[in-house]
Amino acid sequence: MVAIVVAEKPSAARNMASALGGAKGSYKGTAYEVANLRGHLYEFAQPHAMVDSSLADAYQKWDLGNLPWDPDHLLWKREAQKNVADVIKALRSALGRGDEIVIATDLDPSGEGDLLFWEAIDELGFHGKKFSRMEFTDESKASIQKAFEQRRPVKSMQDEGDFRKADYRTKFDFLSMQFTRVATAMGRQSGQDLVLRQGRLKSAMVSLVGDQQKAYDEYVKKPFFQNRFRDENDVMYTNPEEPRFDQKGQVPQHYGPSPVVLDGKADKRTAPPKLLDLAALSSMLVGKGVKANLTLATYQKMYEDQVVSYPRTEDKTITPEQLKDLAPLVDKIAAVAGVDAGLLTHRQPRSTHVKPKGAHGANRPGPKVPSSLDEVEHKYGKAGRLIYETLAKNYLAMLAEDYLYEQQKGHVEKHPDFVGIANVPQSPGWKAVFDPDAGDDPADKDGADENESSKGLGQNAEPFVFEGANKRPEHPTMRWLMKQLEKRDVGTGATRTSTYSEVTNDKAKYPLLSEKGRKLRLAQAGEMSWRLLPGTRIGDLGLTEKVYADMRDIAAGTATAEERLAVVADWVREDIATMTKNAASMRAELGLKEQVVSARAEGVWQSAPGGPKKVAFKKIWSGHEFSDDEVAKLLAGETISFQATSKADKPYTATGALGVGDYKGRKIVGFQLEGLGTPTKWSGRTFTPAEVTVLLAGQTLEIDDFVSARTGKTFGCKVSWDAKAKKIVPDFGSGDEPPRSWCQHVFTDTERKALAAGKTIQGKGFVSAKGKTFDAAVSWKEEGGKKKIVPSFG
């Protein structure tokens, strides 16, 4: 009997093999072989590939009339991810050699580890095997060995609560693509050809940033003035009951100097900050000029080299075993990070940072310690250096002592309601190792202590008029956003970071958010989304909480995925109605006009390339809506004529038939003007049939009466027809002969002969590209390897 131990990824497989004695062998009498996935090997197919062929067209179109989807129509088909064929082949082979399949994927609250395992089993057809589950706290040797010895028997995929809840979540997120189609349709009705992507996390990010941006932009400073005291050590004394005034001159001057009374002293301490997840790490590095996508990519490379720990962990603590594993490396890590190892005297486990349960543990340095930060930078760039230095110092801070300070409290003797506090540092502890606010704007420093005073309370206090104001809302930043998401339990640290990287990617076609330095704002697509989201289900920040509650019920067996997914259709209907209302105010606020979205005609195109074919095409073309009779003629392959309106709002007669064209790389069926694909007109001049014949033969025409669309002036040049690009290509004379015209001046035959003979001629009425008229002497000579008109203004 051979047990096939299936790990979640290659690195986990290496740890399994190391703990059990090799990639294959026998452990305490049980023959085994270690195999691995590489995360999700499969993903859901596109919606139109998930349904019966009769419904495929409706599920492929983004029209509101085809929404909501019916979950009962979806077959939930999967397809292999890109570049995993070799992993699938090796896995299939290994599973075929086993009598028992051991689930050794991650144990996490979302059930993701179970989901990606059962996806592979389902697609590869190995349900008939004997299954068991390894349940380990981490990937330490002892934990893996214990989990292998005590593996739990598993009956089937559907008997596992972790699989059921993860399966529900991934299907819910798939169905949420409908909300993207709804929002995109609203954008297109407003004349914007954008894809407005929605989802539990994306929509939450847009809502939070949009609301905070509005609060920041609309902030109005409201100053106030109030009596306070200040001593010689700059400690302030305040009375919360003291009245505030709108103007400084209104504040009564009835206080005088007074001694300070010390009410008491107390020793205080602050523990080191928590260990980092990817969201917190990436937020810190954004403040140092490293974008989230670069942090993700660089961290992954460093992880593969075992320089740092597993990136996509959900843990914010480490296990005692993980603490023990890194203990022999601490001094070496400190030397690399530039930390005095003498500060690291708290090497026993902290209950706030070290807990018995976990999987990969929080992000931290890996088992392979580099020789220096310079080595890290040489191999992984500046981002790698910052990643390692930040992770190392954050981890090492846990091994330093608490920050100690003495808190002094006192009051103004003659006016005891005025109280002051001074926090006097005694021992820096972990603060000498790690500054969690390094690189932040001073105004954004969460750890700033306004009561910190190196001298403590003074002896005497003087009254003064304090000028304050209502606090301006913080400008949204990645760090601010990650804290808001964490507070609302929306997504994991790794998922927040990867989604943030996606929605802020300035190379993406439709980014939702834009970064400028540390500051974060809505991009164009985000601006529209934010105005569409109020009152919607997908924009509700409590949606993730609802999904998680469903997951708990489904895992417990008190609910099924089918019944919880059934409500999504009603939510889509509600959001269509809500976004329709929101779209009206969006257009008003953004100055957009409502556009009529073209209706579509459907039927069988009899003369389609390759034979009759069911097609759909826009029913409105150039301001004309095809009648039912015209639709029938087009489908029959006939040519029709009708009155259309040009973009310049001029009427003209359009003649054409159905055809196949290219639109943004896609083949689409639609009405095409007769002659499309052949030269018809260019720059205000219609070619004669004889000229068309010449152009189609690949020859060049020289024509003098083209008309500039911008200036209305006549000009001449040579033209040819680019059959591949289907466009006229002008030649303004960069060859051996002077051009027919230059800067909107048409040369006479005499002038052209003079230029060809190498003479300089005086020209008047030239027009620059910016529309300015000028005179110049011009000649025809070679510059930069080719002949051209060269002006002289001397």
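## Strand pairing, helix packing and cores in a predicted model

Trp780 stands opposite Ile789, a residue of strand β33. The model described here is predicted, and the account starts from the sheet that holds this pair.

**The β31-β32-β33 sheet**

Three strands, in the order β31-β32-β33, make up an open sheet with antiparallel pairing. The edge positions belong to β31 and β33, each of which pairs on one side only. From one strand to the next, the twist averages 45°. Strand β31 (residues 761–767) is joined to strand β32 (residues 773–783) over five bridges in the antiparallel sense. Within that pairing, Phe766 has Phe774 of β32 as its bridge partner. On the other pairing, β32 and strand β33 (residues 786–792) are linked by seven bridges, also antiparallel. A helix accompanies this sheet: α22 (residues 749–756) packs on it and touches β31, β32 and β33, with a direction that makes about 45° with that of β32.

**The β26-β27-β28 sheet**

Another open sheet of three strands has the order β26-β27-β28, and its pairing is antiparallel. Strands β26 (701–707) and β28 (727–731) each have a single partner strand, so one side of each is left without a neighbour in the sheet. Here the twist averages 50° from one strand to the next. Strand β26 runs antiparallel to strand β27 (residues 714–722), and five bridges join the two. Leu701 stands opposite Val719 of β27.

The strand pairs with a stated number of bridges are set out below.

| Strand pair | Sense | Bridges |
|---|---|---|
| β31 and β32 | antiparallel | five |
| β32 and β33 | antiparallel | seven |
| β26 and β27 | antiparallel | five |

**Helix α1 and its surroundings**

In helix α1 (residues 10–20), the buried residues are Ser11, Ala12, Ala13, Met16, Ala17, Ala19 and Leu20. These buried residues pack against four strands and two helices, namely β1 (2–7), β2 (24–27), β3 (30–36), β6 (100–104), α5 (141–149) and α10. After α1 comes Gly21, which has a positive phi near 110°.

Two packed helices are described by the angle between their axes and the distance between the axes. For α1 and α5, the angle is about 80° and the axes are 9 Å apart. The two helices are therefore roughly perpendicular to each other. From α1, the contact involves Asn15, Met16, Ser18, Ala19 and Leu20, while α5 supplies Lys141, Ile144, Gln145 and Phe148. By class, the residues of this contact comprise five nonpolar, three polar and one charged. Met16, Ala19 and Leu20 of α1 are thus named both among the buried residues and in the contact with α5.

**Helices α10 and α13**

Helix α10 (residues 292–304) and helix α13 (residues 373–397) have axes that come within 10 Å and cross at roughly 100°. That angle makes α10 roughly perpendicular to α13. On the α10 side, the residues that meet α13 are Leu294, Thr295, Thr298, Tyr299, Lys301 and Met302. Their counterparts in α13 are Val376, Tyr380, Ala383, Gly384, Ile387, Tyr388 and Leu391. The residues of the contact of α10 with α13 divide into nine nonpolar, three polar and one charged. Helix α10 is also one of the elements against which the buried residues of α1 pack.

**Nonpolar cores**

The largest nonpolar core has 59 residues, and Met205, Leu481, Leu485 and Leu513 have the most contacts inside it. Helix α19 (residues 568–590) gives the most to this core, contributing seven residues. Not counting residues up to four places away in sequence, Leu481 touches Met205, Leu208, Val209, Tyr500, Leu513 and Leu520. A second core, separate from this one, has 47 residues and includes Leu326, Ala362, Val369 and Ala494.

**The position of His48**

His48 is located in the loop between β4 (42–44) and α2 (53–60). Its relative accessible area is 28%, and His48 is therefore partly exposed. Leaving aside neighbours within four places in sequence, His48 has contacts with Ala56, Tyr59 and Gln60. Between the C-alpha atoms of His48 and Lys379 the separation is 45 Å, and these residues lie 331 residues apart along the chain.

Notes:
Residues are numbered from 1 along each chain as its sequence is written. This is a predicted model: local features need pLDDT of at least 70, side-chain atom pairs count only at pLDDT 80 or more; totals for chains, interfaces and linings use all residues. Side-chain values use heavy atoms; hydrogens and water are left out. Axes are lines fitted to C-alpha atoms, for helices over the stretch in contact, and angles run from 0 to 180 degrees between N-to-C directions. Angles under 35 degrees count as roughly parallel, over 145 as roughly antiparallel, 65 to 115 as roughly perpendicular and the rest as oblique. Contact means heavy atoms within 4.5 Å. Ala, Val, Leu, Ile, Met, Phe, Trp, Tyr, Cys and Pro count as nonpolar, Asp, Glu, Lys and Arg as charged, and the others, Gly among them, as polar. Two strands pair if DSSP finds at least two bridges between them. Buried means under 20% relative accessible area, exposed over 50%, partly exposed in between (1.4 Å probe, protein chains only). A nonpolar core is a set of buried Ala, Val, Leu, Ile, Met, Phe, Trp, Tyr and Cys residues joined through side-chain atoms within 4.5 Å.
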